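The following exercises invite the reader to study a structure step by step. Each task is followed by a worked solution.

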Amino acid sequence: MQKNMVTFRFLSEPGDVNFGGKVHGGAVMKWIDQTAYTCAVKYSSQYCVTVYVGGIRFVNPIHIGDIVEVQARILYTGRTSMHIGVDIMTINPKTKVETKATHCVIVFAAVDDAGKTVPVPEWVPETEEEKALQKYAIRLADMRKEINQEMQYYFNE
């Protein structure tokens with residue numbers, strides 16, 4: 001069992017439906033948060049809080065009755081943070097066709113009982129894919145810094 005990865009699998013249910021007859025985006029975001037949180041806690045052995053969710057791409061709809069696979073894995077670690085990539089795939093149980101539905105990156109920080117951030121183990125990628133994903137996460141983190149600078153206007157009013 002890999003310490004840096006978590007996979008949830010389940011059937012999408014009628015209670016997840018939106019007005020268009022597909023799975024509601026809010027349900028998908030909940031699955032992303034739950035799976036990434038589990039990955040962060042498993043990796044750090046600490047309570048974790050969501051710091052950032054970004055770039056959620058709803059590429060294809062999720063249909064009621066689809067088999068849903070939500071995979072979260074560590075892409076990069078800072079001193080107290082974990083950058084986690086989340087991919088959601090669906091499988092039509094009748095046709096067995098697999099489709100990528102959603103992707104995003106979510107950042108968690110490990111905290112102690114007082115809510116103070118605590119160090120996490122460094123993630124050291126081993127494969128070429130892991131190294132490429134780490135570079136991807138670092139590029140996104142750099143872009144977030146620029147976005148945060150632009151958003152200071154909004155928060156300083």
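Ser45 lies in the loop that connects H1 with strand E2 (47-58), where helices (H or I, at least four residues) and strands (E, at least two) are DSSP runs numbered from the N terminus. The model is predicted, so that local features need pLDDT of at least 70 and side-chain atom pairs count only at pLDDT 80 or more, while totals for chains, interfaces and linings use all residues. Residues are numbered from 1 along each chain as its sequence is written, and side-chain values use heavy atoms, with hydrogens and water left out.

**Exercise 1. Describe the setting of Ser45 and of Lys96.**

Solution. Step one concerns the backbone: phi of Ser45 is near 60°, a positive value in a residue other than glycine. Step two concerns accessibility: Ser45 is exposed, because its relative accessible area is 57% and exposed means over 50%, buried under 20% and partly exposed in between (1.4 Å probe, protein chains only). Step three turns to Lys96, which is found in the loop between E4 and E5. Lys96 is not a glycine, yet has a positive phi of about 70°. Its relative accessibility is 59%, and Lys96 therefore counts as exposed.

**Exercise 2. Determine how strands E1, E3 and E4 are arranged.**

Solution. First, the pairing rule: two strands pair if DSSP finds at least two bridges between them. Next, E1 and E3 run antiparallel and are joined by seven bridges; Val6 stands opposite Ala72 in E3. Then, E3 and E4 also run antiparallel, with ten bridges, and Ile74 stands opposite Ile84 in E4. Finally, a hairpin of three residues leads from E3 to E4.

**Exercise 3. Which residues of the largest nonpolar core touch the most other members, and which elements each supply at least two residues?**

Solution. A nonpolar core is a set of buried Ala, Val, Leu, Ile, Met, Phe, Trp, Tyr and Cys residues joined through side-chain atoms within 4.5 Å. The largest core has 28 residues, of which Trp31, Ile62, Met82, Ile84, Val86, Ile88 and Phe108 touch the most other members. At least two residues each come from helix H1 (25-44), strand E3 (67-77), strand E4 (81-91) and strand E5 (98-111). H1 gives the largest share of this core, eight residues. As a last step, take Trp31: apart from residues up to four places away in sequence, Trp31 touches Phe10, Ser12, Asp16, Val23, Ile62, Val68 and Val70, contact being heavy atoms within 4.5 Å.

**Exercise 4. Is Asn4 buried or exposed, and what is Asn4 in contact with?**

Solution. Asn4 lies in the segment before strand E1 (5-11). With 6% relative accessibility, Asn4 counts as buried. Neighbours within four places in sequence aside, the contacts of Asn4 are Cys39, Tyr43, Ala72, Arg73, Ile74, Trp123 and Glu130.

**Exercise 5. Locate His24 and relate this residue to Gln46.**

Solution. His24 is placed in the loop between E1 and H1. This residue is partly exposed, because its relative accessible area is 42%. Beyond neighbours within four places in sequence, His24 is in contact with Asp16, Val17 and Asn18. The C-alpha atoms of His24 and Gln46 are separated by 31 Å, the two residues being 22 residues apart along the chain.
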